[in-house]
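User: I should like to learn how to read the features of a structural model, one at a time. Please give the general idea for each feature and then the case at hand.

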Amino acid sequence: MILDRILAHKRAELASRKRIMPLNELEKAAQGLPAPLPLAPSIRRSGELAVIAETKKASPSKGILCKNYNPVKIVAAYEQAGAAAISVLTEEKFFLGHPCHLVLVKRAVRIPVLRKDFIIDPYQIYESRALGADAVLLIVAALSPALLAELTKLAGDLGLSCLVEVHTERELSQALAYGAEIIGINNRNLHNFVTDLSVTFNLIDLIDLNKITVVSESGIKNKGDILRLKERGVHAALVGEALVRCAEPGQGLIKLTDFRAGG
Ligand SMILES: O=P(O)(O)OC[C@@H](O)[C@@H](O)c1c[nH]c2ccccc12
């Protein structure tokens, strides 16, 4: 499946990156940076559904989503339109992102910035901190239990928040067992790319919403979807494609969350 292909590519990329930029250099690069912003308080707004607005040029399932891609312009518009946090794809081959996008995005906004990538090695946690990330994505399906625990611990030590992504009940129990505080329920099946919001609705009942912050990810297209998630007590929606496909992504976000207007 696609995840295996992405991970194989990531391992090769990592090997070369580690030669070019040794870990101690990365650690030095992080010195003097301001402390990361915590993600959970920004996306837990009582009675409201927060939006983590995602910027990406392309995806493996849909190809190019945004031709003249300018992540800095997009995220500035997202912040203005009321986004609670930003997600930025830094994966290069399949999503046409770049680590530099994270640096630029972080400088452009005051809300927390999540690095969306395929993190499988402690090196990438140090790298995320050096690039200025506030939070990282950890995909349970891509990690052994030991690695998930190690990466969560390291991220915490460096002050980074973790969004721990699950798609099944089994992955959810694993995430909770390893102390995840922010759970991302991915509605997308990575075998066939089909998105279905009922993945969120089925898993959310197994989570104590007073203790855990829940983010519903992928395939969220319109105000109706946002309302259904809000009614079920989801704290935040992570939305990418539906926003970056808009000529004005900020306007897209306003339309998605304006419950007074029709549509
Ligand atoms: O573009 P969408 O359908 O709104 O989905 C956003 C986000 O959930 C999706 O990009 C995503 C979810 N998990 C990931 C893991 C890696 C890369 C990307 C993702």
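User: Which residues come nearest to the ligand?

Analyst: One begins with the shell of residues around the ligand and then asks which of them come nearest. In this predicted model, the shell holds 14 residues, and Glu217, Ser218, Val239, Gly240 and Glu241 come nearest. Strand S10 (236-239) and helix H11 (241-244) are the elements that give two or more residues to this shell.

User: How many residues of the shell are nonpolar, polar and charged?

Analyst: The shell around the ligand comprises five nonpolar, four polar and five charged residues.

User: In what order do the strands of the barrel follow one another?

Analyst: One follows the pairing from strand to strand until the circuit closes. Here eight strands form the barrel, in the order S1-S4-S5-S6-S7-S8-S9-S10, and their pairing is parallel. From one strand to the next, the twist averages 25 degrees.

User: How many bridges join S8 and S9?

Analyst: Five bridges link strand S8 (residues 182-186) to strand S9 (residues 213-217), in the parallel sense. At the level of single residues, asparagine 186 has glutamate 217 in S9 as its bridge partner. Glu217 is also among the residues that come nearest to the ligand.

User: How many helices and strands does the chain have, and why is the chain called as compact as a globular protein of its length?

Analyst: The chain has twelve helices and ten strands. Its radius of gyration is 17 Å, close to the 18 Å that the globule rule gives for 263 residues, so the chain is as compact as a globular protein of that length. Along the principal axes, the C-alpha trace spans about 55 × 40 × 35 Å.

User: What share of the residues is buried, and what share of the contacts joins residues at least 24 apart?

Analyst: Of the 263 residues, 44% count as buried. Among contacts between residues at least 6 apart in sequence, 68% join residues at least 24 apart.

User: Which sign of phi do most residues other than glycine have?

Analyst: Most residues other than glycine have a negative phi, so a positive value deserves attention. In this model, leucine 96 has a phi near 55 degrees. Leucine 96 lies in the loop between strand S4 (85-89) and helix H5 (99-108). Phenylalanine 193 likewise has a positive phi, of about 70 degrees, although it is not a glycine. Phenylalanine 193 belongs to the loop between S8 and H9.

User: Why does leucine 96 count as partly exposed?

Analyst: One counts the C-beta atoms around the residue; partly exposed residues fall between the limits of 12 or fewer for exposed and 20 or more for buried. Leucine 96 has 18 C-beta neighbours inside 10 Å and therefore counts as partly exposed. Phenylalanine 193, with 15 other C-beta atoms within 10 Å, is also partly exposed.

User: Where is asparagine 189 found, and which residues does it contact beyond its neighbours in sequence?

Analyst: Asparagine 189 is found in the loop between S8 and helix H9 (198-203). Leaving aside neighbours within four places in sequence, asparagine 189 is in contact with His167 and Val194. Its C-alpha atom is separated by 7.4 Å from that of histidine 167, and these two residues are 22 apart along the chain. Asparagine 189 is partly exposed, because it has 16 other C-beta atoms within 10 Å.

User: Is asparagine 222 buried or exposed?

Analyst: Asparagine 222 counts as exposed, because it has 11 C-beta neighbours inside 10 Å. Asparagine 222 is found in the loop between S9 and helix H10 (223-231). The C-alpha atoms of asparagine 222 and valine 239 are separated by 9.9 Å.

Note on methods
Residues are numbered from 1 along each chain as its sequence is written. This is a predicted model: local features need pLDDT of at least 70, side-chain atom pairs count only at pLDDT 80 or more; totals for chains, interfaces and linings use all residues. Two strands pair if DSSP finds at least two bridges between them. Helices (H or I, at least four residues) and strands (E, at least two) are DSSP runs, numbered from the N terminus. Axes are lines fitted to C-alpha atoms, for helices over the stretch in contact, and angles run from 0 to 180 degrees between N-to-C directions. The radius of gyration is taken over C-alpha atoms; the globule rule is 2.2 Å times the number of residues to the power 0.38. Two residues are in contact if their C-beta atoms, placed from the backbone, lie within 7 Å. A residue is near a molecule or strand if its C-beta atom, placed from the backbone, lies within 6 Å of it. Ala, Val, Leu, Ile, Met, Phe, Trp, Tyr, Cys and Pro count as nonpolar, Asp, Glu, Lys and Arg as charged, and the others, Gly among them, as polar.
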